[in-house]
Amino acid sequence: MSEQYPALLVVVPLLSALVVSIAGWVNKRLCFPIAVAALGVAAWSAVGLLLRVLDKGVIVYKLGGWSPPMGIAYYIDYLNGLVLPVVAIVAFINLIANKKAVEQQFPDKIGPFYTLYLLMVTGLLGIVVTGDAFNLYVLLEIAALTGYGLLAMGEERAPLATLNYLYMGTIGACFYLLGVGYLYIVTGSLNMVDIARLLPPLYQSKAVLAAFIICMVGVWLKMAFFPLHAWLPNAYTYANSAASSLIAPLVTKVMIYVMIRLILTVFTPEFVFTTLALSNAVVWLAVIAIVMGAVLALAERNLKKMLTYIVVAEVGYMVGGAWLGNRDGMTGAILHIVNDALMTLCVFMVVGNIVYKVKGYAFEDLKGLFRKMPFTMGALVIGAMSIIGVPPTCGFFSKWYLIVGAISAGHYGFMAALIFSSMVSVVLFFRVFEICYFEPFADHHGHDNHPGGMDEAPVSMVVPLLIVAVILILVGLYTGDIVNHVIQFAIPETMV
Amino acid sequence: MTDLISMVVAKYNFWIYITLMMIGLYAIIAKNNLVKKIVGMNIFQTAIILFYVSISVKKGATIPILEHGHGPDAHHVVHAADYINPLPHVLMLTAIVVGVATLGVALALAIKVYDNYGTLEEDEILAQIREK
């Protein structure tokens, strides 16, 4: 059974998406348990895979028994062995937490929603697990198309914002496909390991250079790296809360994973950081991304949109860390994939709970919330501490590695940007806390329930949120183990 | 000048796909009507499909179906040079499906936008959003 984990990871959510869409016609109440079971199996397989990788090393799974250059292989090493459980667990927790929110927001679309949700998770898990460059493109589009569907189920502005995302997302995926085409021209292979084997003699070729840069631009578009970020804030803000708390933590992080996979496995770090001599420019772009993300977040008077700009800034952290070109920076970037997925999940779930109760997320809707929803706001405090980077929450440790990486690369601009963004995060979140804690209830919301009373979101939403908040601290406390037992082996030894 | 022309002619498939891609990109960026943007996006995708198909071509080769593959006069020696490379075609079959799906989702979203604002011109929609 456990040999089949890589296939189960993708096949179970895929087939259950079909089952859910049929069950939706029969009885809507069947959809949720099926989705939970499917993602439970996926999460179980992902954790099982990580344990197997820790135990036995890299796993190559040949789909249908076809060997790599001809068939599609799933390839699990320490890098995606770490990312897979994060994706699966984030999707699983978010699914459970949002049962009530889905019933409240679109009671007549429960079946389609869970179908899209499962397909989206299939796509994301597939991107992470696959070892085939073209297969990655197809799964990228599966995740993107379902993402458009999920994001468009929202406020009045959601369809237009999603349409803008769709243009940019399609261009990004097409660029990636074009880059893979160039790699196929020069190597005649689509398997990542095979390409990596065939590439080294060709590193001086202009086509390889073009392939790398085109792939990178495509992936940057998809992850909303600063000058290419314009689609993200609106698309994530106007979507329904269940979808945005799935997509905001996972999509950008999975794309960061793809970027690191391209750098480390398909190409080599020597080619990317030494032959290309681009890394300094990219790290400076990341500096601009971090600073602009922080400044634009500061300009917002709306909690959810503020958080989306923080996502843009966090993308800058990870791209910059990966492109510093040293071991500490890369460790920080990989660790930040895990941490940022969890802390973004935490804060977006908080927004989901607030939307469920207050029906709004503008700053004026937040007044007096500490008294009204103490547990939700407690989780927001932990999530915010993690984004600011306060120990022992996990955000501190990845930021620490990133700063150490910046110092040993001699890139003080990046270090300054990281510290600047932490400072701005302090301002951002304490401004929110001030409104929630000190300002009394707003009049237009106060009259239907007596002011001062507690009016927390349902238990089924609060408990998963608190679990995420605890995970943030646990991951922080066990950072040493994660780095020493997993991430250390994910980075090639040639990289110092 | 002749250098330039011979360069263009020698690799004309690349020039065609880049031209098409840029036409698509221009439409996405510059057009005001949402459906025109969507059409531009589709041209962009099609350009890449044509690029893939064009790289599978070999001089003097035929479609990748084995001649006399079975039957009484079947011969089993296959010369790869006699057949064009089928793999990019197979890949593009998937990419075409993806393109159709994207087009469908985009048009569905355009219908939703039209329901909300009663127009598909982007400037008019933005003016309506600003008024609120």
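Helices in this description are DSSP runs of type H or I with at least four residues, numbered from the N terminus. In the predicted model examined here, S421(A) is found in one such run, helix 19 of chain A, which spans residues 412-438. With a relative accessible area of 3%, S421(A) falls under the 20% limit and is therefore buried. When neighbours within four places in sequence are set aside, the residues in contact with S421(A) are I290(A), A294(A) and Y317(A).

The interface between the two chains was considered next. On one side, 28 residues of chain A take part, and these are in contact with 37 residues of chain B. The size of an interface is often expressed as the accessible area that is lost when the parts come together. For chain A and chain B the buried area is about 2,900 Å², and carbon and sulfur atoms account for 79% of that area. The elements of chain A that contribute two or more residues to the side touching chain B are helix 6 (133-152) and helix 7 (158-187). Helix 7 of chain A provides the largest share of this side, with 18 residues. By residue class, the side of chain A that touches chain B consists of 21 nonpolar, four polar and three charged residues. The rule finds zero salt bridges across the interface of chain A and chain B, whereas five residue pairs, with both members at pLDDT 80 or more, are found in polar contact across it.

Helix 7 of chain A, which supplies 18 residues to the side facing chain B, was also examined as an element in its own right. This helix has 30 residues and reaches 42 Å from its first C-alpha to its last, a span close to the 44 Å expected at 1.5 Å a residue. Helix 7 of chain A is mostly covered, 26 of its 30 residues being buried. Just after this helix, G188(A) adopts a positive phi of about 70°.

Helix 3 of chain A, comprising residues 78-97, has 20 residues and reaches 29 Å from its first C-alpha to its last, which is close to the 28 Å expected at 1.5 Å a residue. Because 17 of its 20 residues are buried, helix 3 of chain A is largely enclosed by the rest of the structure. The N-terminal end of this helix is capped by D77(A), a side-chain oxygen of which lies 3.0 Å from the backbone nitrogen of L79(A). The side chain of D77(A) also meets that of R261(A) in a salt bridge, with an N to O distance of 3.1 Å. This pair links distant parts of the chain, since D77(A) lies in the loop between strand 2 (73-76) and helix 3 of chain A, while R261(A) lies in helix 11 (residues 241-266) of chain A, 184 residues apart. Both D77(A) and R261(A) are buried.

Over all chains, the count of salt bridges by this rule comes to five. Side chains of opposite charge can pair when their charged atoms come close. In a further salt bridge, the side chains of D340(A) and K253(A) meet at 2.6 Å, N to O. D340(A) is placed in helix 15 (residues 327-358) of chain A and K253(A) in helix 11 of chain A, so this pair ties together parts that are 87 residues apart in sequence. D340(A) counts as buried at 1% relative accessibility, and K253(A) is likewise buried, with a relative accessible area of 2%.

A salt bridge within a single helix is formed by D194(A) and R197(A), whose closest N and O atoms are 2.7 Å apart. Both residues lie in helix 8 (residues 192-198) of chain A, three residues apart, or about one turn of the helix. An α-helix has 3.6 residues a turn, so residues three or four places apart point the same way. D194(A) is buried, with a relative accessible area of 12%, whereas R197(A), at 57%, is exposed.

In chain B, E121(B) was located in the loop between helix 4 (86-117) and helix 5 (122-131). With a relative accessible area of 24%, E121(B) is partly exposed. Residues up to four places away in sequence being left out, E121(B) touches N32(B) and N33(B), and a polar contact of 3.4 Å joins its side chain to that of N32(B). E121(B) and T19(B), which are 102 residues apart in sequence, are separated by 26 Å in space, C-alpha to C-alpha.

Conventions: Residues numbered from 1 in each chain as written. Chains lettered and ligands numbered in written order. Heavy atoms only, no water. Contact = heavy atoms within 4.5 Å. Buried area = accessible area lost by both parts, 1.4 Å probe. Salt bridge = Lys/Arg side-chain N within 4 Å of Asp/Glu carboxyl O. Polar contact = N/O pair within 3.5 Å; in protein donor to acceptor, adjacent residues only side chain to side chain. Nonpolar A, V, L, I, M, F, W, Y, C, P; charged D, E, K, R; others polar. Expected span 1.5 Å × (residues − 1). Buried < 20%, exposed > 50% of the residue type's maximum accessible area, 1.4 Å probe, protein only.
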